[in-house]
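The exercises below ask you to read helix packing and burial from a model, and each task is followed by a worked solution. Please look over the sequence and the structure before you begin.

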Amino acid sequence: MDGLKRLLFLVSAVVFVDTMFFAALTPLLPHYAHVHHLGKAGAGVLQAAFAVGAFAGAIPSAMVTARLGVKATVVAGMLALAVTSTAFGFAETSWQLELGRFLQGIADSFAWTGALSWLVAAAAPSRRGQLIGSAFGVAIGGALFGPVLGGVASRLGTRATFSAVALLAVALAVWAARTAAARPEQPQSVRRLAGALRDRRMVVAAWLVALPALLFGTLSTLGPLRLSHLGFSSLAIGGTWLVGAGVEGATNPLIGRVIDRRGVRGPFRAALLASMAVLVLLPWPGNRWLLAPLIVVAACSFGFFWTPALSLLTNESERQGLDYAWGFAVMNLAWAPGQAIGSAAGGAIAGATADAVVYLSLAGACALTLAAVWRSRSSS
């Protein structure tokens with residue numbers, strides 16, 4: 001096995017475990033909302049806390065990567081994830097849950113920035129789309145098993161379940177520490193990031209990361225609450241996300257190969273068209289057996305964005321001579337507000353009005369983005 005394949009396995013394992021902990025809240029959300037009297041708005045805040053932490057950790061994680069290297073960043077991220085996930089399992093009040101998710105988000109920034117920078121720097125430009133797609137396919141596998149983990153925790157207890165699985169994060173930290181990695185020679189300052197964010201093409205790339213985060217943030221709050229209201233248990237909710245993430249994970253490596261051959265415009269158009277269609281349909285089913293398959297389709301449609309968005313962001317970072325760590329800081333700076341707004345604002349607006357208001361507004365955002373992508377050549 002060559003060094004790049006071993007590195008891909010390591011990076012894939014890191015993002016798998018990280019995403020698994022992120023997604024574990026989904027089937028537990030109705031339980032926490034009921035026990036702590038959160039309502040849709042409060043449940044959205046709990047979902048959003050992770051993304052707020054990821055936003056807070058975006059620039060610090062890039063600074064550590066640029067100065068100390070990718071290995072140190074990944075090790076720090078995985079050790080922090082083990083500690084914060086265990087703490088979340090022991091939380092007993094709503095503010096402890098929110099703090100635990102916030103700290104998990106900071107750990108997530110370190111893990112993702114270090115791991116993806118490590119992989120992209122080692123890959124030839126002609127293979128980046130495929131490698132990013134492969135890593136995201138495995139990350140989606142983590143999203144697949146996360147709800148299962150949450151479902152198991154709902155039966156066996158969050159303390160024992162999250163403490164046991166946190167050992168995986170510790171093992172990955174050891175693996176990363178024992179893997180060779182180059183140290184940065186001339187670290188770039190944060191001023192380079194500020195300059196890149198003034199570039200229109202980088203802003204477009206950031207929006208195309210933020211949009212699916214906005215869609216997923218909304219779905220991860222409203223979907224479980226609606227399924228629970230219609231009679232699904234925590235395990236059934238977890239199973240719904242399991243199927244959706246499985247299909248999504250299988251398709252992302254294929255999307256990566258298409259990007260390497262034909263560019264990102266086609267996959268973006270497909271993702272936008274599919275997302276618009278499913279968002280228009282999501283508010284209406286009143287039967288759980290109709291809503292669950294629709295949520296699976298929604299998760300797949302939203303997930304089609306990730307590989308082209310990250311490929312575009314990587315290419316734009318390289319075009320500007322930006323260190324990959326700062327490029328993935330842009331990823332976190334774009335993803336986190338989208339996820340947080342989708343979760344918190346989506347839940348609050350739906351609670352004050354109706355789910356249809358939120359979903360149809362997001363369909364409109366996709367339509368406007370599609371019109372812009374169709375006219376623009378900047379995403380080619």
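**Exercise 1.** Determine how helix α3 (residues 39-68) and helix α4 (residues 70-90) are oriented towards each other, and which residues make their contact.

Solution. This is a predicted model, and the first step is to take the axes of the two helices, α3 and α4, which come within 7 Å and cross at roughly 140°. That angle makes α3 oblique to α4, because only angles over 145 degrees count as roughly antiparallel. The next step is to list the contact, to which α3 gives S61, V64, T65 and L68, while α4 gives V70, A72 and T73. Sorted by class, the residues of the contact of α3 with α4 comprise four nonpolar, three polar and no charged.

**Exercise 2.** Decide whether Q47 is buried or exposed, and find its contacts beyond the neighbours within four places in sequence.

Solution. Begin with the position of Q47, which lies in helix α3. The relative accessible area of Q47 is 1%, so this residue is buried, the cut-off being under 20%. Once neighbours within four places in sequence are left aside, Q47 is in contact with L25, T26, L29, R101, S220, T221 and S343.

**Exercise 3.** Describe the packing of helix α1 (residues 3-23) against α5, including the handedness of the crossing.

Solution. The axes of α1 and α5 come within 10 Å, and they cross at roughly 160°. The two helices, α1 and α5, are therefore roughly antiparallel to each other, and the crossing in which α1 passes α5 is left-handed. On the α1 side the residues are L4, L7, L8, L10, V11, V14, V15, D18, T19, F21 and F22, and they meet R101, Q104, D108, A111, W112, A115, L116, W118, L119 and A122 in α5. Counting by class, the contact of α1 with α5 holds 16 nonpolar, two polar and three charged residues.

**Exercise 4.** Work out how α5 packs with α14, and then place N332 in that picture.

Solution. Helix α5 (residues 94-122) and helix α14 (residues 324-352) have axes 9 Å apart and pack at an angle of about 135°, which makes α5 oblique to α14. Their crossing is right-handed. The contact involves D108, S109, W112, T113, L116, S117, V120 and A121 from α5, together with Y324, A325, F328, M331 and N332 from α14. By class, the residues of the contact of α5 with α14 are eight nonpolar, four polar and one charged.

Turning to N332, which lies in helix α14, we find a relative accessible area of 2%, so N332 is buried. Apart from its neighbours within four places in sequence, N332 is in contact with A54, F55, A58, D108, S109, T113 and P337. From C-alpha to C-alpha, N332 and L116 are 12 Å apart in space, although 216 residues apart in sequence.

**Exercise 5.** Identify which residues touch the most other members of the largest nonpolar core, and follow the contacts of L282.

Solution. The largest nonpolar core has 123 residues, of which M78, V209, L279, L282 and W335 touch the most other members. Helix α9 (residues 200-229) supplies the largest share of this core, with 15 residues. Taking L282 from this group, and not counting residues up to four places away in sequence, we see that L282 touches L219, L291, L294, I295, A298 and Y359.

Methods: Residues are numbered from 1 along each chain as its sequence is written. This is a predicted model: local features need pLDDT of at least 70, side-chain atom pairs count only at pLDDT 80 or more; totals for chains, interfaces and linings use all residues. Side-chain values use heavy atoms; hydrogens and water are left out. Axes are lines fitted to C-alpha atoms, for helices over the stretch in contact, and angles run from 0 to 180 degrees between N-to-C directions. Helices (H or I, at least four residues) and strands (E, at least two) are DSSP runs, numbered from the N terminus. Angles under 35 degrees count as roughly parallel, over 145 as roughly antiparallel, 65 to 115 as roughly perpendicular and the rest as oblique. A crossing is left-handed if the near helix is turned anticlockwise from the far one by less than a right angle, and right-handed if clockwise. Contact means heavy atoms within 4.5 Å. Ala, Val, Leu, Ile, Met, Phe, Trp, Tyr, Cys and Pro count as nonpolar, Asp, Glu, Lys and Arg as charged, and the others, Gly among them, as polar. A nonpolar core is a set of buried Ala, Val, Leu, Ile, Met, Phe, Trp, Tyr and Cys residues joined through side-chain atoms within 4.5 Å. Buried means under 20% relative accessible area, exposed over 50%, partly exposed in between (1.4 Å probe, protein chains only).
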